[in-house]
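Good morning, and thank you for making time on the agenda. I would like to take you through one model, moving from its rings to its helices and then to some individual residues. Please look at the sequence and the structure as I speak.

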Amino acid sequence: MLFPSMWKSLVAIFMAGIIAGLVSVKAQMVADIVTDQFFNGNLNQADASCEGRNFYSRAAFLEALNSFTQFDFCYIEEINGATRDYCDETNTQYPCNPDKGYYGRGPIQLSWNFNYGPAGESIGFDGLNSPETVATDPVISFKTALWYWVNFVQPVISQGFGATIRAINGAIECDGGNQAAVQARINYYTEYCSRFGVDPGPNLSC
């Protein structure tokens, strides 16, 4: 689950990727756009009490970005995530470890065993038996966000911003699930489009 307060900063960073070319984003191109000033300016929008301010860094983001050829930080883990059940027991390919929780972690709040499993295989960590790695290793943390983005969000970008909301939090927010959260995301997105001087395009909602 991705918190609305985190969406603003994620949009800023991924907008850099969008502007750099959507289909094939060169890490250096993103680095030229996501400068220290730009990254830290967004990071510093998080409250001083937020643990993410001392966890996320531009260097970690760029290092994670180098693992992919395409392509306000406050929370590291989902609020009260440990109290929620994100184990899909019907998924036998990526069976849950009963001693672990697959709640939201990282910039994009990776959730569910069926995401932790393949993310770990792709990135190189034990997602099913050590999901907490996403909250303790900032490079792995950013890699999970980029992995999810490249595999599930980037393919639908051409359908409009609303499709990206559906790809990330659609089951919870779209089709009237939480219109206030959807509108907050749209507001963040259009704000950054305005900053970058680009057209937000059609189909903003879901």
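How many aromatic pairs does the count come to? The count comes to twelve aromatic pairs. One of them is formed by Phe55 and Tyr56, an edge-to-face pair with 5.1 Å from centre to centre and 80 degrees between the planes. I should say at once that we are looking at a predicted model.

Phe55 is buried, and Tyr56 is buried as well. Both belong to one aromatic cluster, which is made up of Phe39, Phe55, Tyr56, Phe61 and Phe142. Please keep Phe39, Phe61 and Phe142 in mind, since these members of the cluster will return when I come to the helices. A further ring deserves a mention: the charged end of Arg105 sits over the ring of Tyr103, at 4.0 Å from the ring centre.

Let me now step back to the overall architecture. The chain has nine helices and zero strands. Along the sequence, the pattern therefore reads α-α-α-α-α-α-α-α-α, with helices numbered from the N terminus. Of the 206 residues in the chain, 52% are buried.

I turn next to helix α4, residues 58-65. Why can this helix be called largely enclosed by the rest of the structure? The reason is that six of its eight residues are buried. Those buried residues are Arg58, Ala60, Phe61, Leu62, Ala64 and Leu65.

Arg58 merits a closer look. This arginine lies in helix α4, and its relative accessible area is 18%; the limit for a buried residue is under 20%, so Arg58 counts as buried. Setting aside its neighbours within four places in sequence, Arg58 is in contact with Ala31, Val34, Thr35, Asp36 and Phe39. Phe39, as you will recall, is a member of the aromatic cluster.

Which residues of α4 and α7 meet? From α4 there are Ala60, Phe61, Glu63, Ala64 and Leu65, and from α7 there are Pro138, Val139, Phe142, Lys143 and Leu146. Phe61 and Phe142, both in the aromatic cluster, are thus found on the two sides of this helix contact. In general, two packed helices are described by the angle between their axes and the distance between the axes. For α4 and α7, the angle is about 55 degrees and the axes are 8 Å apart. The two helices are therefore oblique to each other, and α4 passes α7 in a right-handed crossing.

A second helix pair is formed by α8, residues 161-173, and α9, residues 179-196. These two pack at an angle of about 150 degrees, with 11 Å between their axes. Angles over 145 degrees count as roughly antiparallel, so that description applies to α8 and α9. Their crossing is right-handed. On the α8 side the residues involved are Phe161, Ile165, Asn169 and Glu173, and they meet Gln179, Ala181, Val182, Arg185, Ile186 and Tyr189 in α9.

I will finish with some individual positions. Is Asn115 buried or exposed? Asn115 is buried, with a relative accessible area of 9%. This asparagine lies in helix α5, residues 113-123. Beyond its neighbours within four places in sequence, Asn115 is in contact with Leu110, Trp147, Tyr148 and Phe152.

Two residues have backbone angles to note. Most residues other than glycine have a negative phi. Trp112, however, is not a glycine and has a positive phi of about 75 degrees. Trp112 lies in the loop between α4 and α5, and at 30% relative accessibility it counts as partly exposed. Asn203 is likewise not a glycine, and its phi is positive at about 55 degrees. Asn203 is found in the segment after α9 and is exposed, with a relative accessible area of 52%.

Asn203 also brings us to Gln159. The two residues are 44 residues apart in sequence, yet their C-alpha atoms are 7.2 Å apart in space. Where is Gln159 placed? Gln159 is in the loop between α7, residues 138-153, and α8. With a relative accessible area of 48%, Gln159 is partly exposed.

Thank you for your attention.

How values were computed: Residues numbered from 1 in each chain as written. Predicted model: local features only at pLDDT ≥ 70, side-chain atom pairs only at ≥ 80, totals over all residues. Heavy atoms only, no water. Phe/Tyr/Trp six-rings, centres within 6.5 Å; stacked < 30°, edge-to-face > 60°. Buried < 20%, exposed > 50% of the residue type's maximum accessible area, 1.4 Å probe, protein only. Lys NZ or Arg CZ within 6 Å of the ring centre and 35° of its normal. Helix = DSSP H or I, 4+ residues; strand = E, 2+ residues; numbered from the N terminus. Axes fitted to C-alpha atoms, helices over the stretch in contact; angles between N-to-C directions. Parallel < 35°, antiparallel > 145°, perpendicular 65-115°, else oblique. Left-handed = near helix turned anticlockwise from the far one by under 90°. Contact = heavy atoms within 4.5 Å.
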